[in-house]
Structure formats: C-alpha cells, structure tokens
Amino acid sequence: MLTQFIRDENNVPFGVIVAIQDDDGYIRYGVSLQSPKDHWDRDLGRKIAIGRAYTDVMLPEVPQKKERLVLHSLNEMMKRARRYFKDAKHVNPYMLALGND
C-alpha cells in the first residue's frame, strides 16, 4: 500500500490518498479529506481512505478551494502507484469519482 498526505500551501496536511493492489491485480485509490469541523487525524484519515479504496468510493464532493491540491496529489499518486505496482491493472480514480467504472 502507498500513502500520500494532501497538504495545503503551508504544507499542513488536510487529507490522505492511498493506493492498493487488490487480489485481482488492480490498483485501487481511496481519498479522505479533513472535515472543517474536525481536527486532523492521520490514522483516521488513512483508515477512511483504505475503506474507500476497497469499495471504489472516492469523495462525494471536493471543496472548490482545495480541488487543485487534491487533483495534483491524486495525479502524483497515480504516477507513483504505476511505478510501484509494476504489473498491476489501473483503475481510473477520476471515473470512480464520477460514479462510473
């Protein structure tokens, strides 16, 4: 499993992305973002992201002011996962975010 924290312009983490390879050889992605009501909890964020990766659930909605940071981090994780999981099949996380396979 790969883990990457999503950070704001001040390098403060506010989310996490995980990439896992499932039993069928597919790379799965999961994303978790901090709620504005909560304090950042990296362990809880990682657990939520892992659960989303295994169930193909991304995010219901990314706040517009953080969208660029989330998409940049997701693109970086996709590149990293393709290098790490060399022979894995790739699932496009953008399609999952739209509710398609």
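The backbone nitrogen of Asp 24 sits 3.0 Å from a polar atom in the side chain of Asp 22. A second backbone nitrogen, that of Tyr 26, is reached by the Asp 22 side chain at 2.8 Å. Keep in mind that this is a predicted model, and that these distances are computed from it. Asp 22 itself belongs to the loop between β2 and β3. Is Asp 22 buried or exposed? Its relative accessibility is 15%, and buried means under 20%, so Asp 22 counts as buried.

Here are the two polar contacts of Asp 22 side by side.

| Side chain | Backbone partner | Distance |
|---|---|---|
| Asp 22 | nitrogen of Asp 24 | 3.0 Å |
| Asp 22 | nitrogen of Tyr 26 | 2.8 Å |

Let's step back to the whole chain. It holds three helices and four strands, and from the N terminus on they follow the order β-β-β-α-α-β-α. Of the 101 residues, 37% are buried. About 6600 Å² of the chain is exposed, with carbon and sulfur atoms supplying 48% of that area. Among contacts with a separation of 6 or more, 56% are between residues 24 or more positions apart.

Now to the sheet. Strands of a sheet pair through backbone hydrogen bonds, either parallel or antiparallel. Here four strands form an open sheet in the order β1-β2-β3-β4, and the pairing is mixed. Which strands are at the edges? They are β1 (2-7) and β4 (89-90), each of which pairs on one side only.

β1 and β2 make a hairpin with five residues between them, and in its turn Asn 11 has a positive phi of about 70°. The two strands run antiparallel and are joined by six bridges, with β2 covering residues 13-21. You can pick out individual pairs along the hairpin: Thr 3 has Val 18 of β2 as its bridge partner, while Ile 6 stands opposite Gly 15, also in β2.

Helix α2 (residues 64-84) packs on this sheet and touches β1, β2, β3 and β4, with its direction at about 160° to that of β1. With 21 residues, α2 reaches 30 Å from its first C-alpha to its last, close to the 30 Å expected at 1.5 Å a residue. Its buried residues are Leu 69, Val 70, Ser 73, Leu 74, Met 77, Met 78 and Ala 81. Helix α1 (residues 42-55) lies across β1, β2 and β3 (26-33), and runs at about 140° to β3.

Finally, have a look at Phe 85, in the loop between α2 and β4. Why does Phe 85 count as buried? Its relative accessibility is 9%, and the cut-off for buried is under 20%, so Phe 85 qualifies. Leaving aside residues up to four places away in sequence, Phe 85 touches Met 1, Leu 2, Ala 19, Ile 20, Gln 21 and Ile 27. How far apart are Phe 85 and Met 1 in sequence and in space? They are 84 residues apart in sequence, yet 9.3 Å apart in space from C-alpha to C-alpha.

How values were computed. Residues numbered from 1 in each chain as written. Predicted model: local features only at pLDDT ≥ 70, side-chain atom pairs only at ≥ 80, totals over all residues. Heavy atoms only, no water. Pairing = 2+ DSSP bridges. Contact = heavy atoms within 4.5 Å. Axes fitted to C-alpha atoms, helices over the stretch in contact; angles between N-to-C directions. Buried < 20%, exposed > 50% of the residue type's maximum accessible area, 1.4 Å probe, protein only. Polar contact = N/O pair within 3.5 Å; in protein donor to acceptor, adjacent residues only side chain to side chain. Expected span 1.5 Å × (residues − 1). Areas by Shrake-Rupley, 256 points an atom, 1.4 Å probe, with all protein chains shown as cover.
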